[in-house]
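Hello,

Here is the structure I promised to pass on to you. Please have a look at it first, and then read my notes underneath.

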Amino acid sequence: MPVTIKDLSNELGISRSTVSKALNGRSDVSSATRERVLRAVDELGYQPSAAARNLRRQRTDKLGLVVNYPFQRVADFLAELIPGMAAVAEDAEYNLILYTSMAGNAQRIKSLCRSREVDGIIVAWPPDSNETVALSQLMTDEQMPHVFLPRRVSNAGISFVAADHVQGARALTRHLISLGHRRIGFERLPEVYETDGDRHAGYAGALRDAGIAYDPSLVISAKSTDPDYHTRSFRTFLSHPVPPTAILFFTDPMAINALSLAKEQKIRIPEDLSIAGYDGILASGVTDPALTTVGQAVSDMGRLAVESLLQLIEEQPRAAIQHTLPVELIVRGSTGLNPKG
């Protein structure tokens, strides 16, 4: 059984209030009494209640990470994101609590706010713009500091940390154009809203800059809830009357799967077809051939999100904090010269 203040009071023959004052360094307790209490603490192994202390301080020293997307689809990304977040949280003497079953459930997030389990919330993969604004307003009404990532939010009053997806897709498309590719397939993922729109804008902008006509038949929308979504886009691209000579997949896992499918069909990469992904996850560097991709500073994103949230906690009310991080084009062996010239 844990030792309580009542136990210390009974052991020393003094009131509980005196014990409490001694433990909290109050000046109206004599030094002799304080020393007696501290000796008893050591001898009996008393530990103060963190819950009671936090109740008095109205703080929990905990930050919540709400993953608002099916966990298994973003596990690789989270593996790089969470260490960056945890490092900053630990330095600030906060614990990071992961919530993985709240996707699309505003009521559960509202309950999390009202329970005061955490001092602030980071929402990973926010919903569409209207729902994100409503979710942000809900947390604001509940006086819960919050930050969204890794998606840009089109609202000047909402804090977020995201990568520059327009620039990333533009750089990747320009790279393929520089290799002589003119028929470049592009996979979209509309369910990720602003990120999908930004990457598509980068792709279309690079084609326009190069004087290449935008061909809507080379743009395919995927849906991660489809059981065969990992293979459907690749097979649709290849069944085109005039197949693309290069394909940009929306994520590295989708591109890595396409590499396997190409190998099964005796399609040489990059001699017959160039394939690129996006995100720069660790697995992208160990495929055969290694995958050309766009790297995001995922760990930095996690660090900035926690730093921003701590600022919002300490300095309320405060204007929204918004960060858009640069990305890096990583050229590897999966992309090469257009085999058709």
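Below is what I found, grouped by topic. Please keep in mind that this is a predicted model.

**The β-α-β unit**

A good place to begin is the stretch from strand β3 to strand β4. Together with helix α7 (residues 129–141), these two strands make a right-handed β-α-β unit. Strand β3 covers residues 120–124 and pairs with β4 in the parallel sense, over 4 bridges. If you want one contact to find your way by, take Ile122, whose bridge partner in β4 is Val147.

Strand β4 itself runs through residues 146–149. His146 and Phe148 point one way from it, while Val147 and Leu149 point the other way. That fits the general pattern, since side chains in a regular strand alternate between the two faces of the sheet. Which of these β4 residues are buried? All of them: His146, Val147, Phe148 and Leu149.

**Salt bridges**

The structure holds 11 salt bridges, and I picked out a few for you.

Glu142 and Arg114 meet through their side chains, with an N to O distance of 2.9 Å. This pair links distant parts of the chain, as Glu142 sits in the loop between α7 and β4 and Arg114 in helix α6 (residues 106–115), 28 residues apart. The surroundings of the two partners are worth a look as well. Glu142 has a relative accessible area of 18%, so it counts as buried, the cut-off being under 20%. Arg114, at 53%, is exposed because it is over the 50% limit.

The salt bridge between Asp300 and Arg303 is a local one within helix α12 (residues 298–314): the two residues are 3 apart, about one turn of the helix. Their closest N and O atoms are 2.0 Å apart, a number you may want to look at yourself. Both partners are partly exposed, Asp300 at 34% relative accessibility and Arg303 at 30%.

Asp226 and Arg232 form another salt bridge, with 3.2 Å between the closest N and O atoms. Asp226 is partly exposed, with a relative accessible area of 21%, and Arg232 is partly exposed too, at 42%. These two residues also belong to a network of salt bridges that includes Asp228.

**Backbone geometry**

In general, most residues other than glycine have a negative phi, and most peptide bonds are trans. Here are some exceptions to check in your viewer.

Where are the cis peptide bonds I noted? One runs from Ile269 to Pro270, with omega near 5°. Pro270 is in the loop between α11 (252–264) and β9 (274–276). Another runs from Asp288 to Pro289, with omega near 0°, and Pro289 lies in the loop between β9 and β10 (293–296).

That loop between β9 and β10 also holds Asp279, which is not a glycine and yet has a positive phi of about 130°. Asp279 is buried, with a relative accessible area of 11%. Arg116, in the loop between α6 and β3, has a positive phi as well, of about 55°. Arg116 is partly exposed, at 37%.

**One more loop residue**

Finally, Pro216 is in the loop between α9 (194–209) and β7 (219–221). Is Pro216 buried or exposed? Its relative accessible area is 55%, which means it is exposed. Pro216 and Phe186 are 30 residues apart in sequence, and their C-alpha atoms are 9.4 Å apart in space.

Happy browsing, and best wishes!

Technical notes. Residues numbered from 1 in each chain as written. Predicted model: local features only at pLDDT ≥ 70, side-chain atom pairs only at ≥ 80, totals over all residues. Heavy atoms only, no water. Buried < 20%, exposed > 50% of the residue type's maximum accessible area, 1.4 Å probe, protein only. Pairing = 2+ DSSP bridges. Right-handed = clockwise from strand over helix to strand, strands pointing away. Salt bridge = Lys/Arg side-chain N within 4 Å of Asp/Glu carboxyl O.
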